[in-house]
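Colleague: Please take one part of this model, the surroundings of the ligand, and lead me through it slowly, explaining each term as it comes up.

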Amino acid sequence: MAQSMSLLLVLCLFAFVPLCFSANLYPQFYDHSCPKAQEIVKSVVAEAVAKETRMAASLLRLSFHDCFVQGCDASLFLDSSGTIVSEKRSVPNANSARGFEVIDAIKSALEKECPNTVSCADILAIAARDSTVLAGGPSWEVPLGRRDSTGASLSGSNNNIPAPNNTFQTILTKFKRQGLDLVDLVALSGSHTIGDSRCTSFRQRLYNQSGNGQPDFSLDQSYAAQLRSRCPRSGGDQNLFFLDYVSPTKFDNYYYKNILASKGLLNSDEVLFTKNEASRALVQKYAENNEAFIQQFAKSMLKMTSITPLTGSRGQIRKNCRKVNS
Ligand code: HEM
Ligand SMILES: *[C@@H]1O[C@H](CO)[C@@H](O)[C@H](O)[C@H]1NC(C)=O
Ligand SMILES: *[C@@H]1O[C@H](CO)[C@@H](O)[C@H](O)[C@H]1NC(C)=O
């Protein structure tokens, strides 16, 4: 036992960072305390996605925006109150992050079945997996046992989550700070095979990419013209556009094929192909090989959803995902 612990420590220090992230999480965590937990999450997610297809994308994205801010601890779900300033107000989240009512519905169903047992952080990890599956993507076993934070970080949300006009290097650095690498960056960006973006998130590319009044010429110019018709120079900020215009609700590798055709919607999508050799090779690979994408996506999601969880007696099991227990 002591030997295996020190082996784990060595692995953590030198190579397999994800191994130490997930050491305390395991898929059977609720097998005795709440055996129906996963089934309940799945049924509420399925109902929500049946009502609105986009919800699968919105829930998947929430896992990214939660895990990049003090780890996967449901800090994103806290509303402002007392000393807490909600992450929902941050630049990446405001008028953009959505799906919180679905999380509330899952939580209230679980509180009925097994009160004070299933964390909001675990709910999100399961919901992100189920959303991916419902959209036609891969499945994976979700390690469980995360607990919920008693605080939020607005500055963490603003600083850690990459912006769509960040440089390739800035985006990669922000991933590396979370223990994620270039392969994870390219694979997880494949989430943009589903869901929508607002005009305001890519307008700069259409009109004034580098401050000299010129558009981004690495964007296909007929695609750009189409985008301009509903994303004018000013106004229409909230107008919605498919991130993957070919198959916007299907979890496939058209995201990468679009990038090869200079039709990646966000600047952060296109730079994966234009600004770095290794990342370019991966975009090419995933565009050609859906199976390679699907497999790496599942692996990278496991890594992302295991970023520094609260376990053991740290944190708490919130009764209401929007507020800390009183
Ligand atoms: C690599 C850096 C990333 C950047 C710069 C980025 C940026 C964005 C932006 C700007 C939007 C549109 C938001 C809006 O206009 O309202 C968006 C949407 C989305 N992002 Fe990302 N993202 C990144 C990585 C990720 C990752 C890692 C995931 C999940 C694992 C993800 C999942 C999604 C999904 C599913 C949507 C659509 C959400 C919806 O329709 O509600 N993104 N992203
Ligand atoms: C990126 O976008 C933000 C928000 O629209 C803007 O304030 C900032 O100047 C942009 N940064 C660059 C380098 O273009
Ligand atoms: C483009 O952006 C720069 C600064 O980012 C600004 O000074 C300039 O006026 C803008 N040009 C146009 C045509 O909007």
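Modeller: Ligand 1 is surrounded by 26 residues, and the closest of them are Ser58, Ser96, Ser191, Gly195 and Arg198; a residue is near a molecule or strand here if its C-beta atom, placed from the backbone, lies within 6 Å of it. The model is a predicted one, in which local features need pLDDT of at least 70 and side-chain atom pairs count only at pLDDT 80 or more, while totals for chains, interfaces and linings use all residues. As for the labels, residues are numbered from 1 along each chain as its sequence is written, and chains are lettered from A and ligands numbered from 1 in the order in which they are written.

Sorted by class, the shell around ligand 1 holds twelve nonpolar, nine polar and five charged residues, where Ala, Val, Leu, Ile, Met, Phe, Trp, Tyr, Cys and Pro count as nonpolar, Asp, Glu, Lys and Arg as charged, and the others, Gly among them, as polar. At least two shell residues each are supplied by helix H4 (55-67), helix H9 (182-189) and strand E1 (196-198); helices (H or I, at least four residues) and strands (E, at least two) are DSSP runs, numbered from the N terminus. H4 provides the largest share of this shell, with five residues.

The next step is to place the ligand in the protein as a whole. The domain assignment gives domain 1 (18-161) and domain 2 (168-302), bounds of this kind coming from an automatic or database domain assignment. Because domain 1 and domain 2 both give residues to the shell, ligand 1 lies between them. The centres of domain 1 and domain 2, taken over C-alpha atoms, are separated by 24 Å. To the contact between them, domain 1 brings 19 residues and domain 2 brings 18 residues, with two residues counted as in contact if their C-beta atoms, placed from the backbone, lie within 7 Å. On the side of domain 1 that touches domain 2, H4 and helix H6 (120-134) each supply at least two residues, and H4 gives the most, with five residues. That side of domain 1 is made of nine nonpolar, eight polar and two charged residues.

H9, which also took part in the shell, can be followed to the helices it packs on. H9 and helix H15 (residues 290-304) pack at an angle of about 110°, with their axes 9 Å apart; axes are lines fitted to C-alpha atoms, for helices over the stretch in contact, and angles run from 0 to 180 degrees between N-to-C directions. That makes H9 roughly perpendicular to H15, since angles under 35 degrees count as roughly parallel, over 145 as roughly antiparallel, 65 to 115 as roughly perpendicular and the rest as oblique. The crossing of H9 and H15 is left-handed, meaning that the near helix is turned anticlockwise from the far one by less than a right angle, whereas a clockwise turn would be right-handed. In this pair, Val183, Asp184, Ala187 and Leu188 of H9 meet Phe293, Gln296, Phe297, Ser300, Lys303 and Met304 of H15, a set that divides into six nonpolar, two polar and two charged residues.

H9 also has a contact with helix H14 (residues 277-288), where the two axes come within 10 Å and cross at roughly 40°, and H9 and H14 are therefore oblique to each other. The crossing of H9 and H14 is right-handed, and the contact joins Leu182, Val183 and Val186 of H9 to Ala278, Ser279, Leu282 and Val283 of H14. Six of the residues in the contact of H9 with H14 are nonpolar, one is polar and none is charged.
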